[in-house]
Amino acid sequence: QVQLVESGGGLVQAGGSLRLSCTASGRTFSNYAMGWFRQAPGKEREFVCGISLIGSSTYYADSVKGRFTISRDNAKNTVYLQMNSLKPEDTAVYYCAASPGYSTYRPRDAQRYDYWGQGTQVTVSP
């Protein structure tokens, strides 16, 4: 089992920044690729970004490319999501998720992630 706990969400004005953190416990963090997903009210969950086991590869949804940055610190068992130039359409609950490293990492496929955090709310006001 892997337990994931997100933090760092909140209310911010459009154009502002937030940094989300997701800290893992339970198993070896570096054995998992990590991803961030989000879900807005009335919408389906969508992929935001992903990062490989040691952080050598990153993947982004087109909607956040150039504004969001994913990174990880395996020594701290933590993955980060730096969000800049936030827009009202970024408002959602953000979830981190862990995908086991023994299988091919498909960052955009939510079914490939075995463990999910409880989510943290991000609200961007106009």
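How many bridges join S7 to S8, and do they run parallel or antiparallel? I looked this up in the model, which is predicted. Six bridges join S7 to S8, and the two strands run antiparallel.

**Entry 1: the S7–S8 hairpin**

I followed the pair from the strands into the turn. S7 and S8 form a hairpin with four residues between them. On the paired strands I noted that Phe68 stands opposite Met83 in S8. I then examined Asn77, which lies in the loop between S7 and strand S8 (78–83). The phi of Asn77 is near 55°, a positive value in a residue other than glycine. Most residues other than glycine have a negative phi. I recorded Asn77 as partly exposed, because its relative accessible area is 26%, and buried requires under 20%.

**Entry 2: the two faces of S7**

I next asked which side chains of S7 are buried. Phe68, Ile70 and Arg72 point to one face and are buried. Thr69, Ser71 and Asp73 point to the other face and are not buried. The side chains therefore alternate along the strand.

**Entry 3: Arg72**

An arginine on the buried face called for a separate look. Arg72 is found in strand S7, which covers residues 68–73. What is the nearest side chain of opposite charge to Arg72? I found that it is Asp73, 8.3 Å away. Arg72 has no salt bridge, because a salt bridge requires the atoms to lie within 4 Å.

I then searched for backbone partners. The side chain of Arg72 reaches the backbone oxygen of Tyr32 at 2.9 Å. A polar atom of the Arg72 side chain also lies 3.2 Å from the backbone oxygen of Leu53. Leaving aside residues up to four places away in sequence, I listed the residues that Arg72 touches; among them are Phe29, Ser30, Tyr32, Ala33 and Met34. The list also includes Ile51, Ser52, Leu53, Ile54 and Gly55, as well as Thr78 and Val79.

**Entry 4: Ser85**

I checked another positive phi. Ser85 has a phi near 50°, a positive value in a residue other than glycine. Ser85 is found in the loop between S8 and strand S9 (92–100). With a relative accessible area of 40%, Ser85 is partly exposed.

**Entry 5: S1 and S3**

I turned to strand S1, residues 3–7. Its covered face holds Leu4 and Glu6, whereas Gln3, Val5 and Ser7 make up the uncovered one. Five bridges join S1 to strand S3 (residues 18–25), and these strands run antiparallel. Glu6 of the covered face stands opposite Cys22 in S3, which led me to the cysteines.

**Entry 6: the cysteines**

How many disulfides does a search of the whole structure find? My search returned one. It joins Cys22 to Cys96, with an S to S distance of 1.9 Å. The torsion about this S-S bond is about 50°, so the disulfide is right-handed. Cys22 lies in strand S3 and Cys96 in strand S9, so the pair ties together parts that are 74 residues apart in sequence. I noted that Cys22 and Cys96 are buried.

I also checked Cys49, which is in no disulfide. The nearest cysteine sulfur to Cys49 is that of Cys96, 11 Å away. Is Cys49 buried or exposed? I entered Cys49 as buried, because its relative accessibility is 0%.

Conventions:
Residues are numbered from 1 along each chain as its sequence is written. This is a predicted model: local features need pLDDT of at least 70, side-chain atom pairs count only at pLDDT 80 or more; totals for chains, interfaces and linings use all residues. Side-chain values use heavy atoms; hydrogens and water are left out. Buried means under 20% relative accessible area, exposed over 50%, partly exposed in between (1.4 Å probe, protein chains only). Lys and Arg count as positive and Asp and Glu as negative; His and the chain ends are not counted. A polar contact is a pair of N or O atoms within 3.5 Å; within protein, one must be able to donate a hydrogen and the other to accept it, and residues adjacent in sequence count only if both atoms are side-chain atoms. Contact means heavy atoms within 4.5 Å. Two strands pair if DSSP finds at least two bridges between them. A disulfide is a pair of cysteine sulfur atoms within 2.5 Å.
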